[in-house]
Amino acid sequence: MSLLSVQIIHHENMSQRYLDNLLKSLEAQTFREFETIVVDSTVDEAKLPQWVRRLRVPRETTSVTASNLGYQFAADDTKYHLWCNDDLIFNKYAIEEMMAAAVANNVVINPLSNCDMGWLYYMDRGYRDWE
């Protein structure tokens, strides 16, 4: 059972480098009770570690459709879902803090690419807490 399913939308326009850095930040999380799914619409299949599940979708798949498909692909007993783009990097406590807030308040919490809540940073800012 995975309490959380982290679903990464990986589109053609994003590089493997972004995805690799996001996956490294997920691997370094203090909270470990999650599965990771990459919803992959790239022509050349993204290189993924063994602990990551892949869902291949057509190139023209929109982000909204990719998110819905990732939700359906998640483990049946998953209670929480976290969707993110492949250009994010989480600090090592991000998921632990998000899950504590979600469970305590019985709400859904989701980071957005265009905001900074202290849990995530864009690669170009040079944040490397997960290393």
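A residue is called buried here when its relative accessible area is under 20%, and exposed when that value is over 50%, with partly exposed lying in between. The model described below is predicted.

With that cut-off, strand β2, residues 34–40, is a convenient place to start. Of its 7 residues, 7 are buried. Both faces of β2 are covered. On one side of the strand stand Phe-34, Thr-36, Val-38 and Asp-40, and on the other Glu-35, Ile-37 and Val-39; every one of these is buried.

What lies beside β2? Strand β1, residues 4–10, runs parallel to β2 and is joined to it by 7 bridges. In this pairing His-10 stands opposite Asp-40. Strand β3, residues 52–56, is likewise parallel to β2, and 5 bridges join the two. Here Thr-36 of β2 has Val-52 of β3 opposite it.

These strands belong to a chain of 131 residues, 45% of which count as buried. The protein holds 3 helices and 6 strands. Read from the N terminus, its elements follow the order β-α-β-β-α-β-β-α-β. Of the contacts between residues at least 6 apart in sequence, 68% join residues at least 24 apart.

The charged side chains come next. How many salt bridges does a search of the whole structure find? The count is 3. One of them joins Glu-35 to Arg-53, with the closest N and O atoms 2.8 Å apart. Because Glu-35 lies in strand β2 and Arg-53 in strand β3, this pair ties together parts that are 18 residues apart in sequence. Glu-35 has a relative accessible area of 10% and is therefore buried, whereas Arg-53, at 31%, counts as partly exposed.

Asp-40 forms a salt bridge with Arg-54, and again the closest N and O atoms are 2.8 Å apart. Asp-40 lies in β2 and Arg-54 in β3, so the pair ties together parts 14 residues apart in sequence. The relative accessibility of Asp-40 is 0%, so Asp-40 counts as buried. Arg-54 has a relative accessible area of 24% and is partly exposed.

Asp-40 also meets Arg-56 in a salt bridge, at 3.4 Å from N to O. That pair links distant parts of the chain, with Asp-40 in β2 and Arg-56 in β3, 16 residues apart. Arg-56 is partly exposed, its relative accessible area being 37%. Asp-40, Arg-54 and Arg-56 are thus linked in a network of salt bridges.

Arginine side chains also lie over aromatic rings. The charged end of Arg-53, the partner of Glu-35, sits over the ring of Phe-73, 4.1 Å from its centre. Arg-17 lies over the face of Tyr-18, at 4.9 Å from the ring centre. As for rings paired with each other, the structure holds 1 aromatic pair.

The nonpolar residues remain. In soluble globular proteins, nonpolar side chains tend to be buried together. In this model the largest nonpolar core has 23 residues. Which residues have the most contacts inside this core? They are Leu-4, Val-6, Ile-8, Leu-26, Phe-90 and Ile-95. Several elements each supply at least two residues of the core: β1, α1 (16–27), β2, β4 (80–85), β5 (88–90) and α3 (94–105). Helix α3 gives the most, with 5 residues.

Ile-95 shows how the core is put together. Leaving aside its neighbours within four places in sequence, Ile-95 is in contact with Leu-4, Val-6, Leu-26, Gln-29, Phe-31, Phe-34 and Leu-82. Phe-34 in that list is also one of the buried residues of β2. A second, separate core has 7 residues, including Ile-9, Leu-55, Ala-66 and Ala-74.

Taken together, β2 pairs in parallel with β1 and with β3. Strand β2 supplies at least two residues to the largest core, while its acidic residues Glu-35 and Asp-40 form salt bridges with arginines.

Note on methods
Residues numbered from 1 in each chain as written. Predicted model: local features only at pLDDT ≥ 70, side-chain atom pairs only at ≥ 80, totals over all residues. Heavy atoms only, no water. Buried < 20%, exposed > 50% of the residue type's maximum accessible area, 1.4 Å probe, protein only. Helix = DSSP H or I, 4+ residues; strand = E, 2+ residues; numbered from the N terminus. Pairing = 2+ DSSP bridges. Salt bridge = Lys/Arg side-chain N within 4 Å of Asp/Glu carboxyl O. Phe/Tyr/Trp six-rings, centres within 6.5 Å; stacked < 30°, edge-to-face > 60°. Lys NZ or Arg CZ within 6 Å of the ring centre and 35° of its normal. Core = buried A, V, L, I, M, F, W, Y, C linked by side-chain atoms within 4.5 Å. Contact = heavy atoms within 4.5 Å.
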